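This report covers the sheets, the nonpolar core, the surfaces near DNA and a few backbone details of one model. The sequence and the structure come first.

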Amino acid sequence: MPELPEVETVTNSIKKHLKGKKFTSLVVNWKKTLHNFTSLDFSSKIKNLKIKNIYRRGKFIVIDLDKVILAVHLRMTGKLYVMPEIDPKQKHISAYLSFSDKYLLFEDSRKFGRFYLYESIDSLDDRLGIEPFSKEFDQKWLISKLKSKSRQMKQLLLDQSFVVGLGNIYTDEALYLSKIHPLSKSDEVSISKIKKLHSSIIKVLKESIIEGGTTIRDYTYDYSYVGNYALKLNVYGKQDTICPKCKTLIIKIKVAQRGTHICPKCQPL
DNA sequence: CCATGAACCTGGTCGC
DNA sequence: TGCGACCAGGTTCATG
């Protein structure tokens, strides 16, 4: 489900409930949800620790407990939200944590989502790339990185060890705005298009955050709110409709095993 | 170093 | 209505 704007929205929506609270119990319905720790570890390392902060790093939601961090990755269909009660009839609740008199639920129909326990954020930083809203992510950085390798543009933008936060939707949108074909080799893209790509990445992510993300099917935050950026998409899911710039039909192709949407005229190879 | 395909799962949609 | 094929906001691992 989620790319950077959706994860950012979910993070903010649970933050107000959780900051300063303590988790008192953990119930796990789908065992694999806990990727690198057990319920016993919860009792000894997480339980009753005060939640210091909650923030996003890449597509991870990070719950900072000072001594350790609990990181949540929603993968495709994960939803994380606070509810005053547990409904035992509700399906797909992979796990939930209790705090105060409320619950932090993790609902995940496809069961790909995971919880991670680490001693510090370094474990994530080690394998994640640059944050697109950081000052280090500037035109110069992007130009030199793209020129230093020869990768398919879409595959490279999806690579979380390169730049974090982009997924299938925002990669297609950013490449469209910068008129780059997703199969272009990174070292063959012109400087002017790379500059445009830099601003397009920031633009699509920022504008989507303002809209609360993009809901195609599963994604919600605070249990039931949907993101409205779907209304602003130019190419994602728009195959067989007309390009807003040149009136050519948008087509859907396969790149890096992902459905990929382009205007064949605006984004020539 | 780079690309591809499979695997992990469930549910929705489309065509026959 | 039913059934099979295919698709889905992600990541990781094995294989050329």
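The text below goes through the sheets, the core, the DNA surfaces and the positive phi values in turn.

The model is predicted: local features need pLDDT of at least 70, side-chain atom pairs count only at pLDDT 80 or more, and totals for chains, interfaces and linings use all residues. Residues are numbered from 1 along each chain as its sequence is written, and chains are lettered from A and ligands numbered from 1 in the order in which they are written.

**Sheets**

Helices (H or I, at least four residues) and strands (E, at least two) are DSSP runs, numbered from the N terminus. Two strands are taken as paired if DSSP finds at least two bridges between them. Axes are lines fitted to C-alpha atoms, for helices over the stretch in contact, and angles run from 0 to 180 degrees between N-to-C directions.

One open sheet has 4 strands in the order β1-β6-β7-β5, with antiparallel pairing. Its edge strands, β1 (23-28) and β5 (78-83), each pair on one side only. On average, neighbouring strands of this sheet are turned by 15° against each other, direction ignored. Within it, β6 (residues 93-99) and β7 (residues 102-108) are joined by 6 bridges, and L97 stands opposite L104 in β7.

A further open sheet of 4 strands runs in the order β2-β3-β4-β8, and its pairing is antiparallel. Here the edge strands are β2 (53-57) and β8 (114-118), each paired on one side only. The twist from one strand to the next averages 25°. Strand β3 (residues 60-64) pairs with β2 over 5 bridges in the antiparallel sense, with Y55 opposite V62 in β3.

Helix α1 (residues 4-18) lies across strands of both orders given above. It crosses β5, β6 and β7 at about 25° to β5, and it also lies across β2 and β3, running at about 175° to β2. Contact here means that the C-beta atoms of two residues, placed from the backbone, lie within 7 Å.

Strand β9 (residues 251-255) is joined to β10 by 5 bridges, and the two run antiparallel. K254 stands opposite G259 in β10. The hairpin of β9 and β10 has 2 residues between the strands, and A256 takes a positive phi near 55° there.

**Core and Y103**

A residue is buried if 20 or more other C-beta atoms, placed from the backbone, lie within 10 Å of its own, exposed if 12 or fewer, and partly exposed in between. A nonpolar core is a set of buried Ala, Val, Leu, Ile, Met, Phe, Trp, Tyr and Cys residues joined through C-beta atoms within 7 Å.

The largest nonpolar core has 55 residues, of which I61, L70 and V72 touch the most other members. Helix α6 (residues 168-177) gives the most to this core, with 6 residues. Leaving aside neighbours within four places in sequence, V72 is in contact with F60, I61, L80 and F115.

Y103 is placed in strand β7. Because Y103 has 19 C-beta neighbours inside 10 Å, it counts as partly exposed. Not counting residues up to four places away in sequence, Y103 touches V82, M83, I86, Y96, L97 and S98. Its C-alpha atom is separated by 14 Å from that of S13, 90 residues apart along the chain.

**DNA surfaces**

A residue is near a DNA strand if its C-beta atom, placed from the backbone, lies within 6 Å of it. Ala, Val, Leu, Ile, Met, Phe, Trp, Tyr, Cys and Pro count as nonpolar, Asp, Glu, Lys and Arg as charged, and the others, Gly among them, as polar.

| DNA strand | Residues around it | Nearest residues | Division |
|---|---|---|---|
| B | 13 residues | R110, K111, K149, R151, Q152 | 2 nonpolar, 5 polar, 6 charged residues |
| C | 20 residues | G167, N168, I216, Y219, G259 | 7 nonpolar, 6 polar, 7 charged residues |

The elements that give two or more residues to the surface near DNA strand C are α6 and β10 (258-262).

**Positive phi**

Most residues other than glycine have a negative phi. H92, in the loop between β5 and β6, has a positive phi of about 70°. H92 is partly exposed because 16 other C-beta atoms lie within 10 Å. K111 lies in the loop between β7 and β8, and its phi is near 65°. K111 also has 16 C-beta neighbours inside 10 Å, so it counts as partly exposed.
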